Amino acid sequence: MKISGLSISLLVAFSVSIFTSQAQKNLSLEDAIQQGLQNHYSIQVAKKREKQALNDNTLGNAGFLPTITGNFNKNYTISGLDQEFFGGVRAPLVQSGVNSNSSNTGVAMVWTVYDGKGMFVLRDRFKELQNLGAKQTEATIENLIALISASYYDIIRQDLRVNNFRKGLEISNDRLKLAKDRFEVGQGSKVDFYSAQVDYNEDKALLLAQEQSFLSTKINFNTLLVRDHMIDFDVVSAIELLPKLKLEELKNQALQQNPNLITALLNKKVADLDIKNLQSQQQPVIDLVAGYNYNTVNNGAGFGVSKGSSDVMNYGIRASINIFDGSNQKRRIQNAKINAEIADLQVADLKNTLVSNIEKAYVNYENALNLINLETENYGIAKQNIDIAFDRFKVGIATSYELREVQRNAVAAETRLIEAKFAAKTAEIELIRLSGNLL
């Protein structure tokens with residue numbers, strides 16, 4: 001299906017009308033980050049998992065506190081009796097539907113006082129898991145901040161490109177008017193007039209496509225912030241860079257505070273504690289035990305105890321040790337040691353990858369900075385050429401083709417400058433994220 005230029009214009013105008021129907025306001029990067037951190041689902045999930053780790057870090061979960069259980073039983077029986085007694089002690093007993101019942105109520109306590117220091121190991125393990133949950137939340141927050149920041153500057157980039165294409169269209173419009181006036185008074189050719197019209201339509205199509213891309217980027221950004229997709233907003237149309245970052249400082253900071261690396265180190269600590277926990281299970285377990293039971297009986301059989309009750313209290317000490325379980329405990333300890341070795345290797349691998357990623361991002365960062373200097377100079381020259389070429393075109397010295405080429409060079413130079421600034425900013429954001437400095 002072929003879409004005309006008019007259809008594209010109507011489509012973009014419709015999209016713009018939807019946006020402008022909403023309240024429009026300036027949106028700073030800081031406000032966007034706050035909204036994203038408040039609304040984004042990944043942050044909510046990470047915080048709930050962190051809360052789970054906090055709930056698990058208790059003395060009771062580690063085994064320091066006693067366990068107390070209560071029980072209650074009530075039994076009913078319906079019996080039939082047909083009994084004869086030796087020596088005629090009493091007459092034979094024949095009964096049916098004899099109802100009897102008994103009950104048992106009790107409470108029992110077990111308190112582990114020694115388990116090879118396993119409870120202390122578990123307490124440390126739950127503490128490290130809580131730290132791990134907090135660090136994972138921090139990593140999630142940093143990743144989201146980096147994503148929001150890069151997306152925010154992408155909107156600025158798209159806006160700058162819109163303005164760039166709009167300036168190019170203004171030049172084409174001035175050229176078209178001049179070519180039309182010349183043609184109508186007989187001083188210009190019809191070819192120049194038609195060429196100017198074609199170039200104007202081409203530039204208008206480019207502007208419309210860029211405006212559509214700009215609106216789509218805004219919609220995606222609203223989705224990232226988890227808010228109404230059609231909320232319109234303005235951004236400051238400038239990409240400002242921080243003072244130049246230093247590579248060695250970034251690498252040193254990353255090795256000390258990168259949340260992913262710290263997460264790997266915490267996983268290594270948890271793996272070491274798992275070994276100690278399994279080793280503690282080879283030691284004796286000593287428990288203090290105590291209990292109390294209250295029993296009642298109601299016998300309808302007509303002999304023995306008719307009704308009665310009793311209560312019993314018991315207390316003592318219990319010791320147990322695993323003597324042999326098919327070497328399964330030894331196997332579990334060996335596997336735990338292997339897991340610790342794997343965690344150690346993962347830390348080393350992450351350090352290596354982290355430094356490599358920083359160095360690659362820094363190369364991109366420096367190249368973008370160099371391109372900014374180069375394209376700034378090129379753009380300054382291209383703007384001067386536009387003024388010169390248009391003045392020459394007005395007096396008939398320059399041709400339409402020459403003016404068009406100068407115009408294209410100016411638009412392309414500014415586009416390259418915008419892209420270089422955006423590349424430098426995204427590399428800057430990535431370096432700050434890798435170094436653990438976003439928070």
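In this predicted model, valine 226 is found in the loop that runs between α6 (190–224) and β4 (233–234). Although valine 226 is not a glycine, its phi is positive, at about 55°. The relative accessibility of valine 226 is 26%, and the residue therefore counts as partly exposed, since that class lies between the limits of under 20% for buried and over 50% for exposed.

A second residue with a positive phi is found further along the chain. Serine 327 lies in the loop between β6 (307–320) and α9. Serine 327 is not a glycine either, yet its phi is positive, at about 65°. With a relative accessibility of 39%, serine 327 counts as partly exposed.

The loop that holds serine 327 leads to α9, and this helix spans residues 328–394. Its partner here is helix α10, which covers residues 400–434. Two packed helices are described by the angle between their axes and by the distance between those axes. For α9 and α10, the axes come within 6 Å and cross at roughly 155°. Angles over 145 degrees count as roughly antiparallel, and α9 and α10 are therefore roughly antiparallel to each other. The crossing of these two helices, α9 and α10, is left-handed. Sorted by class, the residues in the contact of α9 with α10 are 26 nonpolar, 8 polar and 6 charged.

Definitions and conventions:
Residues are numbered from 1 along each chain as its sequence is written. This is a predicted model: local features need pLDDT of at least 70, side-chain atom pairs count only at pLDDT 80 or more; totals for chains, interfaces and linings use all residues. Side-chain values use heavy atoms; hydrogens and water are left out. Axes are lines fitted to C-alpha atoms, for helices over the stretch in contact, and angles run from 0 to 180 degrees between N-to-C directions. Helices (H or I, at least four residues) and strands (E, at least two) are DSSP runs, numbered from the N terminus. Angles under 35 degrees count as roughly parallel, over 145 as roughly antiparallel, 65 to 115 as roughly perpendicular and the rest as oblique. A crossing is left-handed if the near helix is turned anticlockwise from the far one by less than a right angle, and right-handed if clockwise. Ala, Val, Leu, Ile, Met, Phe, Trp, Tyr, Cys and Pro count as nonpolar, Asp, Glu, Lys and Arg as charged, and the others, Gly among them, as polar. Buried means under 20% relative accessible area, exposed over 50%, partly exposed in between (1.4 Å probe, protein chains only).
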